[in-house]
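Biologist: Can you walk me through this one? I would like to start with the pockets and then go to the surface.

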Amino acid sequence: MDLQKKFVLGLALVSLFGTVTNFIYVSPLLTLLIPLSIYAFNKNELPRPIAWLYAFLALFLMSVLLYHPLSVVEFGFYRRDGNFIISYAPLLILPLFSFEFKLRNHFRQFYLFGVILYGLLFVYHLLTANFLGNIHEIVFSGLFYAQNAVGGFLSTLGALGFAYWYHRGSKKELFLFLLVLIILIATYSRGSILGLALGIMAWYCVQTERMKILMLLLLIPILFTAGSLMIGYPYYKGQIATQNNVQIDLDNDVEQKSANVMIRIFYTFPRAWYIFLESPVLGNGVGSYDDRPYDLQEIVPYLTYNAQPQKAHTDAHAHHSYLHFLAEQGIVGLTLFLTFWVSLFLYLKRIKTQPVIRDYLLIVFFTITFASFTAHRFTTPSHMLPFTISVGLFMMHKGNYKRVKISVLGGSK
């Protein structure tokens with residue numbers, strides 16, 4: 001293996017192992033290699049999902065440059081509004097290379113490293129937590145700033161653990177998986193817990209070819225989204241029609257998780273839907289969701305621009321990836337992203353050479369798909385990076401790449 005390959009693989013592995021925390025910026029290191037795509041983009045065969053991802057990236061960057069071009073030189077943009085670039089950098093880079101390395105060994109090492117590290121952290125947490133206090137005082141956050149962040153990482157680790165247990169069937173693998181599951185539950189990240197549960201169910205539907213049940217599983221959160229908009233949007237529209245701003249007043253005795261649900265129903269979901277309806281084709285531009293108060297000015301019919309002069313990069317988002325894409329990039333943006341996402345599913349489903357890795361990636365794929373109905377998981381680095389680095393490593397592995405070609409995805413024999 002020459003120096004270039006060692007460097008790319010080494011950086012990918014450091015990034016993968018670095019996904020155990022967001023206290024320090026280790027996992028996004030692969031973002032630094034994006035300029036290499038210009039040099040390496042002469043690969044004879046590029047996986048179809050990655051071609052679609054590059055198409056979405058082009059639309060994403062066009063939206064950024066039209067809405068607020070200075071974003072591309074602002075660090076806060078890449079941490080917040082533009083964290084799509086950090087989250088998907090592994091898939092923009094790693095599939096452009098192809099060489100042999102010990103793929104299964106590296107995944108196993110990552111899994112054991114994550115389980116041992118978080119097992120020790122959880123034991124320490126139990127020894128120091130106030131069990132007699134409120135549940136929020138003993139919530140486990142690990143090496144992340146937020147519950148959903150650590151929940152996203154642990155749901156990915158749990159998916160890998162489930163795949164090992166499913167294929168190996170040993171008590172050791174069951175114990176490790178249950179340990180990760182218990183720690184995940186202790187994060188109290190309901191979106192991550194539910195996402196993993198539904199992810200395993202969806203994976204099982206694929207394994208057993210119960211595609212109608214899979215469609216039903218996907219339809220349920222869509223109906224919940226529609227129902228929440230029917231409840232919350234009229235309230236939001238009425239408020240913004242009178243004061244161009246919406247405030248949600250909650251009683252102090254409302255429990256935090258219940259308050260979060262109410263904020264989503266009456267504020268963040270309707271806000272995204274409101275912006276989408278103002279500019280349904282291309283949205284209002286990447287980063288426009290949190291630039292308030294809105295000053296929406298029509299350019300042409302069905303295309304508006306948020307002329308608010310203060311452009312901010314904050315953690316505010318729609319808490320719903322699909323609605324957030326609609327708000328900022330419209331039907332065209334969401335359609336293009338979902339085309340990439342479905343193409344990636346077809347790619348993963350056809351993997352034959354590594355059944356453990358295939359099932360791990362499929363479970364995480366569905367976990368993210370479902371969790372993105374309750375938070376903006378599609379671009380959250382803590383949840384996406386373990387997945388995109390894993391997929392990137394698989395595509396970069398020469399033996400696997402040769403067996404999953406564009407021609408196969410196209411259905412030809």
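**Pocket and surface**

Modeller: This is a predicted model. The second largest pocket holds about 500 Å³ of space.

Biologist: Which elements give two or more residues to the lining of that second largest pocket?

Modeller: Helix H10 (211–243), helix H12 (321–349) and helix H13 (355–371) do.

Biologist: And how many residues line the second largest pocket, and which lie nearest its centre?

Modeller: The lining has 21 residues, and Leu-218, Ile-222, Tyr-322, Leu-338 and Thr-369 lie nearest the centre.

Biologist: How many of the lining residues are nonpolar, polar or charged?

Modeller: By class, 18 are nonpolar and three are polar, with no charged residues in the lining of the second largest pocket.

Biologist: Now the surface. Which residues form the nonpolar patch there?

Modeller: Leu-216, Leu-219, Ile-220, Ile-222, Leu-223 and Phe-224 form the patch, and together they have about 600 Å² of accessible area. Ile-222 is also among the residues nearest the centre of the second largest pocket.

Biologist: Where is Leu-216, then?

Modeller: Leu-216 sits in helix H10.

Biologist: Why is Leu-216 called partly exposed?

Modeller: Because its relative accessible area is 49%, and partly exposed covers values between 20% and 50%.

Biologist: Different spot: where does Ala-316 lie?

Modeller: Ala-316 is in the loop between strand E2 (303–306) and H12. Its relative accessibility is 29%, so Ala-316 counts as partly exposed.

Biologist: How far apart are Ala-316 and Asp-81, in sequence and in space?

Modeller: They are 235 residues apart in sequence, while their C-alpha atoms are 8.8 Å apart in space.

Key. Residues numbered from 1 in each chain as written. Predicted model: local features only at pLDDT ≥ 70, side-chain atom pairs only at ≥ 80, totals over all residues. Heavy atoms only, no water. 1 Å grid on protein atoms, 1.4 Å probe; cavity = no way out; pocket = protein on both sides within 12 Å on 5 of 7 lines; lining within 4 Å. Points joined across faces, edges and corners; volume = space filled by probe spheres on them. Helix = DSSP H or I, 4+ residues; strand = E, 2+ residues; numbered from the N terminus. Nonpolar A, V, L, I, M, F, W, Y, C, P; charged D, E, K, R; others polar. Patch = residues over 30% accessible without salt bridge, like charges linked within 9 Å, V, L, I, M, F, W, Y side chains within 5 Å. Areas by Shrake-Rupley, 256 points an atom, 1.4 Å probe, with all protein chains shown as cover. Salt bridge = Lys/Arg side-chain N within 4 Å of Asp/Glu carboxyl O. Buried < 20%, exposed > 50% of the residue type's maximum accessible area, 1.4 Å probe, protein only.
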